[in-house]
Amino acid sequence: MEEMKGKYLNPKADLTFKKIFGEHEDLVMSLLNALLPLDEGKQIEHVEYLTAEMVPDNPGKKNSIVDVRCKETGGRHFIVEMQMNWNNEFQQRVILNSAKAVVKQLGTSEDYSLLQPVYALNLINDVGFDAGPDEFYHDYAIVNVAHSDRIIEGLRFVFVELPKFKPQNIAEKKMMVLWLRFLTEIDRDTEVVPTELLENPDTSKALKILEKSAYNEKELYAYEYYWDAVNNERGAIRHGFKQGMAQGMAQGMEEGKKLGMAQGMAQGMEEGKKLGMAQGMAQGVEQNKRENAQRMKADGLPAELIAKYTGLSIEDVKSL
């Protein structure tokens with residue numbers, strides 16, 4: 001578990017992230033204005049929170065829970081997610097939750113013209129895109145393939161890879177830099193806070209919320225449990241990768257022997273590695289999710305919280 005030595009908690013944890021951006025409208029509005037690609041003159045001036053649980057219209061479909069969900073008064077909708085470990089399921093979940101946010105805007109027989117755009121801001125404490133080492137900001141819209149300047153409004157996806165962030169690359173966007181520095185530089189070991197973060201009213205307020213002394217014993221326990229689950233998941237991913245490599249090598253060797261040719265052996269090993277790595281990683285991650293969920297359930301954590309921490313559906317958690 002993460003040892004809490006300093007004055008502050010880590011803002012990227014589920015508990016702290018939601019306290020800062022899920023309970024303070026001014027702070028989530030500041031974050032969205034700083035990080036979203038909003039046109040000039042279309043900054044967000046007021047938001048109201050919506051329920052974070054995305055319940056489907058069809059009872060047979062799975063529920064999901066997002067970190068923060070809000071909307072402008074009578075306007076655009078926003079989803080904010082903090083993801084610690086990258087996986088392909090996360091990207092699919094972002095698309096699904098954004099689509100749900102569109103669908104849930106309309107009641108029976110309401111006109112489609114009432115639909116408002118949905119923006120999904122996804123902060124990732126991992127590297128998930130095959131882009132350059134300095135390319136940390138990824139903005140996706142629905143565009144015309146032949147004319148990328150022609151955009152269909154309605155869905156916008158922004159992914160920010162926090163490990164790639166370097167302040168000097170975006171010096172012209174002060175508030176973006178401050179929020180990203182807050183998310184990347186403040187953690188359990190922080191003793192001296194950068195002056196720029198203390199002087200800005202938004203990040204200064206967020207720092208006060210992060211002070212360890214503001215949390216009770218139950219909250220601190222949940223905070224520690226969160227980091228334990230994150231570290232276990234990372235361990236499972238690494239273990240699955242190694243296991244998949246070994247399985248893939250063996251499988252590839254076997255395929256190569258059957259072909260009886262050096263070229264065939266190399267091809268078989270390569271295909272086997274790909275297959276084995278994918279299978280091993282998937283098995284390791286899934287097994288780790290269920291083990292973490294069982295431990296949390298035994299400790300009395302609610303199913304909704306377990307689902308958020310592990311990535312399992314609420315239905316799967318309840319069935320354990």
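How are α2 and α6 oriented to each other? Some notes on that, and on the largest pocket.

1. Ground rules: this is a predicted model, where local features need pLDDT of at least 70, side-chain atom pairs count only at pLDDT 80 or more, and totals for chains, interfaces and linings use all residues. Numbering runs from 1 along each chain as its sequence is written, and side-chain values use heavy atoms, with hydrogens and water left out.

2. Helix α2 (residues 25-35) packs on helix α6 (residues 201-210) at about 130 degrees, axes 10 Å apart. The two are therefore oblique to each other (neither under 35, over 145, nor 65 to 115 degrees, on a scale from 0 to 180 degrees between N-to-C directions). Helices here are DSSP runs of H or I, at least four residues, and strands are E runs of at least two.

3. From α2, Asp26, Leu27 and Ser30 make the contact; α6 brings Asp202, Lys205, Ala206 and Ile209 (heavy atoms within 4.5 Å). By class, that is three nonpolar, one polar and three charged residues (charged means Asp, Glu, Lys and Arg; nonpolar means Ala, Val, Leu, Ile, Met, Phe, Trp, Tyr, Cys and Pro; the others, Gly among them, are polar).

4. Now the largest pocket: its volume is about 750 Å³ (an open set of points on a 1 Å grid, where a 1.4 Å probe fits, with protein on both sides within 12 Å along at least five of seven lines; the volume is the space filled by probe spheres set on the points).

5. The lining has 34 residues, with Arg93, Ala307, Thr310, Gly311 and Leu312 nearest the centre (lining means an atom within 4 Å of a point). Helix α3 gives the largest share, five residues. The split is 12 nonpolar, nine polar and 13 charged.
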